Amino acid sequence: MNDQMSNAELHEAVHAQRVAGVMTRYGLACDERDRATLEQLFHPEARAVYDVDSDLSGNTAIAEWISGATEHLLWQQHAMRVMRVDVDGDRATAVSYLTSHQVAKDATDVTLMMNSRYDTELELTDGAWRIRRLHLVVGTIEHRPIVLGSLVAAASTQEQHV
């Protein structure tokens, strides 16, 4: 048995990991409302569809929409799992599953829990993978009673990245 990877296999594995990193940074940037990072993660000519809520064009418009769509939240957390990455030269596709918890500022005793899927196309430009097309499809939404823990309390008192 030969456990060594060819250069092509190693190259593809490194790029697949870089693509997965883009997706996890995207989830964290959403949670932290980090517009600058969101703009960097999307290609300037990117398109994004968030279930039935929007059809957006351009990295700036997408970052602004995310910030506006989450402005009412006290806290949110994207638990993202990249399920598959396929790399083909300077293009890649990724399928990611999302479990998101959201607590609104005006309803701190309830969390919205959403299970969704991201289908994403990425492009390698100037040495960085950027999201070219993103499509979020919501699977389920639940509202659950909660008690806020110290993580949420700490997050609500810290300055958000806007």
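A residue is taken as buried when its relative accessible area is under 20%, as exposed when this area is over 50%, and as partly exposed in between. By this scale methionine 5, with a relative accessibility of 47%, counts as partly exposed in the predicted model described here. Methionine 5 belongs to the segment that precedes α1, and, when neighbours within four places in sequence are left aside, methionine 5 is in contact with Leu10 and Ala13.

The protein chain as a whole contains four helices and six strands, and these elements follow one another along the sequence in the pattern α-α-β-β-α-β-β-β-β-α. Taken along the principal axes, the box filled by the C-alpha atoms has dimensions of roughly 55 × 40 × 30 Å. The chain has 162 residues, of which 40% count as buried, and its accessible surface comes to about 9,300 Å², with 50% of that surface belonging to carbon and sulfur atoms. Among contacts between residues at least 6 apart in sequence, 58% join residues that are at least 24 apart. The chain carries 14 positive and 24 negative charges, and the mean positions of these two sets are 1 Å apart.

In soluble globular proteins, nonpolar side chains tend to be buried together. In this model the largest nonpolar core holds 32 residues, and the members that touch the most others are Tyr26, Phe42, Tyr50, Ile62, Tyr118, Ile131 and Leu134. Two or more residues are given to this core by each of α1 (7-32), α2 (35-41), β1 (42-50), α3 (59-69), β3 (73-88), β4 (91-104), β5 (107-125) and β6 (128-145), and the largest share, eight residues, comes from α1. The surroundings of tyrosine 50 illustrate this core: when residues up to four places away in sequence are not counted, tyrosine 50 touches Tyr26, Phe42, Leu56, Ile62, Trp65, Ile66, Tyr118, Leu134 and Leu136.

Strand β5 is paired with both β4 and β6. The strands β4 and β5 run antiparallel and are joined by 13 bridges, and they form a hairpin with two residues between them; within this pairing, alanine 92 stands opposite leucine 122 of β5. The strands β5 and β6, also antiparallel, are joined by 16 bridges, and here glutamate 121 stands opposite arginine 133 of β6. The hairpin of β5 and β6 likewise has two residues between its strands, and in this hairpin aspartate 126 takes a positive phi near 50°.

Two residues of β5 may be considered in turn. Threonine 120 is found in this strand, and it counts as buried because its relative accessibility is 3%, a value that falls under the 20% limit. Apart from neighbours within four places in sequence, threonine 120 is in contact with Met23, Ala92, Thr93, Ala94, Ile131, Arg133 and Leu134; this list includes Ile131 and Leu134, which are also among the core members that touch the most others. Methionine 114 lies in β5 as well, and with a relative accessible area of 13% this residue is buried too. When residues up to four places away in sequence are not counted, methionine 114 touches Leu98, Thr99, Ser100, Gln102, Val138, Thr140 and Ile141. Methionine 114 and aspartate 31 are separated by 83 residues in sequence, whereas their C-alpha atoms are 14 Å apart in space.

Backbone angles in the loops were also examined. Most residues other than glycine have a negative phi, and most peptide bonds are trans. Arginine 33, a residue other than glycine, nevertheless has a positive phi near 55°; arginine 33 is placed in the loop between α1 and α2, where it is buried, with a relative accessible area of 10%. Aspartate 51 is likewise not a glycine and has a positive phi of about 50°. The place of aspartate 51 is in the loop between β1 and β2 (55-57), and, because its relative accessibility is 29%, aspartate 51 counts as partly exposed, in contrast to arginine 33, which is buried.

Conventions: Residues are numbered from 1 along each chain as its sequence is written. This is a predicted model: local features need pLDDT of at least 70, side-chain atom pairs count only at pLDDT 80 or more; totals for chains, interfaces and linings use all residues. Side-chain values use heavy atoms; hydrogens and water are left out. Buried means under 20% relative accessible area, exposed over 50%, partly exposed in between (1.4 Å probe, protein chains only). Contact means heavy atoms within 4.5 Å. Accessible areas come from the Shrake-Rupley method with a 1.4 Å probe; for residues, only the protein chains shown count as cover. Lys and Arg count as positive and Asp and Glu as negative; His and the chain ends are not counted. The place of a charge is taken as NZ of Lys, CZ of Arg, CG of Asp or CD of Glu. A nonpolar core is a set of buried Ala, Val, Leu, Ile, Met, Phe, Trp, Tyr and Cys residues joined through side-chain atoms within 4.5 Å. Two strands pair if DSSP finds at least two bridges between them.
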